[in-house]
Amino acid sequence: MAETIFSKIIRHELPADIVYEDDEVLAFRDINPQAPVHVLIVPKVVIATVNDIQPGQAELIGKMVLAAQKIAAAEGISDDGFRLVINCNQHGCQEVFHLHLHLIGGRQLHGLSAS
Ligand code: 5GP
């Protein structure tokens, strides 16, 4: 699968504000944050979109969510709450074709917009 800028961040070839890393998952702050906490959680293996997740990768996707849980706790936003979002393809406004989970919080969020 084609690499994106996230592969370079995963290999530490490009700078990023990394907040979590383990063998399978990396998380770093979004370069254009939409809230006081805006972290992208990515699998180290290249998966382009949600459409490309294989059944055997279910545990990996769970590890991304557990990483989000840990980061939310470290950022002090667990109790107030936060949002986890994965955009997919054109209608979902996906811009980077390396699967990523947005962790967004630190302020009151509003209802999901359909626009
Ligand atoms: P998408 O629209 O694909 O769900 O979200 C891609 C996200 O990646 C955007 O929120 C964008 O700000 C972020 N992003 C794009 N390029 C970079 C980069 O080079 N570094 C970081 N930290 N975030 C990036």
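A disulfide is a pair of cysteine sulfur atoms within 2.5 Å. By that cut-off, this structure holds 0 disulfides. One thing up front: what you see above is a predicted model.

Let me stay with the cysteines for a moment. Take Cys 88. Its nearest cysteine sulfur is that of Cys 93, and that sulfur is 11 Å away. The cut-off is 2.5 Å, so Cys 88 is in no disulfide. Turn it round and look from Cys 93. The nearest cysteine sulfur belongs to Cys 88, again at 11 Å, and Cys 93 is in no disulfide. How exposed are they? Cys 88 has a relative accessible area of 23%, so it counts as partly exposed. Cys 93 has 55%, so it counts as exposed.

Next, Gln 94. Which loop holds Gln 94? The one between β4, residues 82–85, and β5, residues 101–105. Buried or exposed? The relative accessible area of Gln 94 is 8%. Buried means under 20%, so Gln 94 is buried.

What does the side chain of Gln 94 reach? The backbone nitrogen of Asn 89, at 2.9 Å. There is also a contact with Val 96. The backbone oxygen of Val 96 sits 3.0 Å from a polar atom in the Gln 94 side chain.

Asn 89 deserves its own stop. Asn 89 is in the loop between β4 and β5. Its phi is near 60 degrees, which is positive, and the residue is not glycine. Most residues other than glycine have a negative phi. Asn 89 has 31% relative accessibility, so it is partly exposed.

There is another positive phi to show you. His 12 also has phi near 60 degrees, and it too is a residue other than glycine. Where is His 12? In the loop between α1 and β1. His 12 is at 48% relative accessibility, so it counts as partly exposed.

Now the strands. Start with β1, residues 18–21, and β2. They run antiparallel, and 3 bridges join them. The connection from β1 to β2 is a hairpin through 3 residues. Within that pairing, Ile 18 has Phe 28 of β2 as its bridge partner.

On to β3, residues 37–43. How many bridges pair β2 with β3? The count is 5, and the sense is antiparallel. One partner to pick out: Val 25 bridges to Pro 43 in β3. And how covered is β2? Mostly: 4 of its 5 residues are buried.

Phe 28 brings us to the aromatics. The structure holds 1 aromatic pair. A pair of rings is described by the distance of the centres and the angle of the planes. Here the rings are Phe 6 and Phe 28, 5.3 Å centre to centre, with 80 degrees between the planes. Over 60 degrees counts as edge-to-face, so this pair is edge-to-face.

What does the pair link? Distant parts of the chain. Phe 6 is in helix α1, residues 5–10, and Phe 28 is in strand β2, residues 25–29. They are 22 residues apart. Both Phe 6 and Phe 28 are buried.

Now the ligand. There are 16 residues around it. Which come nearest? Asp 30, Asn 87, Glu 95, His 100 and His 102.

Here are some of the distances. For Asp 30, a side-chain N or O atom is 2.4 Å from an oxygen atom of the ligand. For Glu 95, the atom is a backbone N or O, 2.7 Å from a ligand oxygen. For Ile 31, a polar backbone atom is 3.2 Å from a nitrogen atom of the ligand. How much of the ligand is covered by the protein? On its own, the ligand has 520 Å² of accessible area, and the protein covers 85% of that.

Last stop, Ala 74. Ala 74 is in helix α2, residues 58–75. Exposed or buried? Its relative accessibility is 66%. Exposed means over 50%, so Ala 74 counts as exposed. Compare its sequence and space separations from Val 19. In sequence, the two are 55 residues apart; C-alpha to C-alpha, they are 9.2 Å apart.

To recap on the way out. No disulfides: the count is 0. The aromatic pair is Phe 6 with Phe 28, edge-to-face. Strand β2 pairs antiparallel with β1 and with β3. And the ligand has 85% of its accessible area covered by protein.

Conventions. Residues are numbered from 1 along each chain as its sequence is written. This is a predicted model: local features need pLDDT of at least 70, side-chain atom pairs count only at pLDDT 80 or more; totals for chains, interfaces and linings use all residues. Side-chain values use heavy atoms; hydrogens and water are left out. Helices (H or I, at least four residues) and strands (E, at least two) are DSSP runs, numbered from the N terminus. Buried means under 20% relative accessible area, exposed over 50%, partly exposed in between (1.4 Å probe, protein chains only). Rings of Phe, Tyr and Trp (its six-membered ring) pair if their centres lie within 6.5 Å; planes under 30 degrees apart count as stacked, over 60 as edge-to-face and the rest as tilted. Two strands pair if DSSP finds at least two bridges between them. A residue is near a molecule or strand if one of its heavy atoms lies within 4 Å of it. A polar contact is a pair of N or O atoms within 3.5 Å; within protein, one must be able to donate a hydrogen and the other to accept it, and residues adjacent in sequence count only if both atoms are side-chain atoms. Accessible areas come from the Shrake-Rupley method with a 1.4 Å probe; for residues, only the protein chains shown count as cover.
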